[in-house]
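Trainee: Could you take me through this model feature by feature, with the general idea before each case?

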Amino acid sequence: MHKTLIVAQSEFTTLVKTKAFLISVILMPLVMGGSIMLVRATRDATDSKDRTFALVDHTGVIAEPLKAVAALYNSSTPSAIEGVLARKGPRFIPLEIKPGDRDPDALRLELSNRVRRQELFAFVEVPPEILDPASGATIRYYSDHPSYNALPQWLRATINAVVLNERFRQASVDRALVVRLTKQAPIDERGLFERGSSGGVKAAEEVSVARAIGIPLAALVLMYMTIMTSAPQLLNSVIEEKMSRISEVLVGSITPFELMMGKLMGGAAASTLLSVIYIAGGLIVAQYWGGYATAITPAIVGWFLLFLMLSLCIFGSIFIAIGAACNDLKDSQNMMTPVMLLVMVPVFTAGSVMRAPDGTLATILSLVPTAAPFLMLLRISLQPGPPLWQIVLSLTLMAGTALTVVWAAAKIFRTGLLMQGKSATFAEMFRWVMAK
Amino acid sequence: MSNAISLTRVTKQFNGTLAVDDLSLTVPTGSIYGFIGPNGSGKTTTLRMIMHILLPDRGEIEVLGSRDTAAARDRVGYLPEERGLYKKMTIRRLLRYYGRLKGATLANIDASIEDWMRRMELPGLLDRQIETLSKGMSQKVQFISAVVSNPSLLILDEPFSGLDPVNAQVLKDAVLEMRQRGATVVFSTHDMTTAERMCDRIFMIFRGRKVLDGSLESIQDQYGADTVRIRTSTGLAALTDMPEIESVNDFGQMQDVRLQGDPQAFLARLAARTSVYHFEVTRPSLQDIFVRIARP
């Protein structure tokens, strides 16, 4: 055990000094945080160019009110129209084109060319039937900037408002009264009442998206990132020792099992440090941006670390075994592919689990030992959480799998470590495991 | 005298190929023991079994009085054939790591590191990264890693290969120093002269089997005094058509001639052919014996 700890200490020191670890700890949060700040700082400044669009109004009654709405919008006056917020970006300037007797297609071609020459940003065609709700007519928006959606969104809200106003006017119905009477009653989503520590009834708290979805998602991403940072580092470490013939020196002083366990412990310690740094950072960020620090409960942190340790035993052992069986990085990358798929499956299915955390798919997947660290953790983080027996069962299955994988990896490690020449195949690795 | 190593009928196979075949060997405590043999003859496999890196299929191995060679491992220093150093580590960190894995305390390791760095003529380099060292320096650091825990038994697999004469001499002095301190030293080598000059006893393995074992004198006695060393005015040309010659090892200026008959009769025949400047009846060198055994 003493020698295992010496290896673990050396492995930990080496791991935390690697560029990958330093990038994970320092650079990645800086880049991510910087990107968020940059987006926040520049999101209103990046789109400031006025958008002039042609408005071909075949009804003859939409253009004028729309121009009035646009004038209000462009002067940054708050709008009464639902879905239209006060202007932060560019001005939208309608340029009315009277269709007259001109051939519609010729007019469309001419306006298209003006868009191509950048005299206009887009043009909109309001058909004459639009005032008849039964007609099924649609407003046409033509542009060569299909990815730009601010103008179409604004038009959808404003033209519809103008069209509805006109329809109500023609039907002689007071629209303001209709809007008032048809206003929907909102639903205020809350948790459950509970008895507080003082014995009194504690009111249910309002459900927050950050708490309900943000924290579980962050836990999943952190688990994935930690495993993907640590486990491949263990593989690299074994391959370096094997290729540099260091392994033979080491197994002259320590048993292969002690060596492997030392590496696993060192990897686990580095992962824990990385996670703790991220969790501490997450607490600060959560508190700063919305006072959500209390949502990251000690229980969630505890479950996270427990699942992390078990998953590192499983994935770390697998990566160590692959490192011992391979003689160069290229071969190891080929062998890693199926393992990476194992890690990716829970990430791909996380959406389904979040939608129905107590569903059959979520229950089954979260019991699979290679998916449990991600999906059971996700279910635990989502309210109300899975039944305790499912958590215990998943931990038991993971612990059993971890023991089996460590045992098998130790056998592969012992045999593969001193082998030179070509890398082993999966079949050969299986034979090493089965050998007495 | 007790034995530092004792192998009894040890056999090791790899995929049906016998690497070591029914090998018995004892290495007396305090001796310098040379392992010789052609490439692939089983030297490294034997050393690895002594180190408990490989386990024998059959037979028993006792190291420093213990049958469980893993238990004795902390008292054994090992320099493998393929050198293994962490390129990104400093010399200090690497030597401390290897020393601690041998169970030594940090205080003893640091004192030992200082001493050996000075002996190996590597002063002031403790905080240098391994990857910045020359090959000779790396090999000396590797040697220090094997002795830093002050082992009772030192196993060196081809310690002098690839070294220039100056570094080779430094390493030979270090090996002798270890013996001076009471350690038993076992090393494998392809350099027969080194084996002849340094080893108390020599063991040769060929195709997995022991073919020589004993002191240089006893081995040479086995092969008799059938060799003469000559220097003549005509060199190798003087030795043609002489049926009593079994083989000639030509060094250019001198020749070692292995005879079947009487050396004096050979000298008379040779003197009749050419001017003889040097004639010495000698025992075969280890090199000759090695070649005799290993030549196909």
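**Reading a sheet and its surroundings**

Mentor: A sheet is read by its strand order and its pairing, and in this predicted model chain B holds an open sheet of 6 strands, arranged in the order β5-β6-β7-β3-β8-β9 with mixed pairing.

Trainee: Which are the edge strands of this sheet?

Mentor: An edge strand pairs on one side only, and in chain B that description fits β5 (76–79) and β9 (209–214). Between neighbouring strands of the sheet the average turn is 15 degrees, with direction ignored.

Trainee: In which sense do strand β3 and strand β7 of chain B pair, parallel or antiparallel?

Mentor: Strand β3 (residues 32–36) and strand β7 (residues 184–188) of chain B pair in the parallel sense, over 4 bridges. To follow the register residue by residue, one can take B:Gly34, whose bridge partner in β7(B) is B:Phe187.

Trainee: Which strands of chain B does helix α10 lie across?

Mentor: For a helix against a sheet, one reads both the strands it crosses and the angle it makes: helix α10 (residues 286–294) of chain B lies across β3, β8 and β9 of chain B, and runs at about 20 degrees to β8(B).

Trainee: What does the domain assignment give for chain B?

Mentor: The assignment divides chain B into domain 1 (3–220) and domain 2 (224–294), and the C-alpha centres of these two domains of chain B are 37 Å apart. A separation of centres is best read together with the contacts, and here 12 residues of domain 1 of chain B are in contact with 9 residues of domain 2 of chain B. On the domain 1 side of that contact, α7 (192–198), β8 (201–206) and α8 (216–222) of chain B each supply at least two residues, while the composition of this side is 10 nonpolar, 1 polar and 1 charged.

Trainee: How many residues of chain B are in contact with chain A?

Mentor: An interface is counted from both sides, and 17 residues of chain B are in contact with 15 residues of chain A. Helix α3 (residues 91–101) of chain B gives the most to the chain B side, with 4 residues, and that side divides into 10 nonpolar, 1 polar and 6 charged residues.

Trainee: What share of the residues of chain B count as buried?

Mentor: Of the 296 residues of chain B, 39% count as buried. As for sequence separation, among contacts in chain B with a separation of 6 or more, 71% come from residues 24 or more positions apart.

Key: Residues are numbered from 1 along each chain as its sequence is written. Chains are lettered from A and ligands numbered from 1 in the order in which they are written. This is a predicted model: local features need pLDDT of at least 70, side-chain atom pairs count only at pLDDT 80 or more; totals for chains, interfaces and linings use all residues. Two residues are in contact if their C-beta atoms, placed from the backbone, lie within 7 Å. Ala, Val, Leu, Ile, Met, Phe, Trp, Tyr, Cys and Pro count as nonpolar, Asp, Glu, Lys and Arg as charged, and the others, Gly among them, as polar. Domain bounds come from an automatic or database domain assignment. A residue is buried if 20 or more other C-beta atoms lie within 10 Å of its own, exposed if 12 or fewer, and partly exposed in between; C-beta atoms are placed from the backbone. Two strands pair if DSSP finds at least two bridges between them. Axes are lines fitted to C-alpha atoms, for helices over the stretch in contact, and angles run from 0 to 180 degrees between N-to-C directions.
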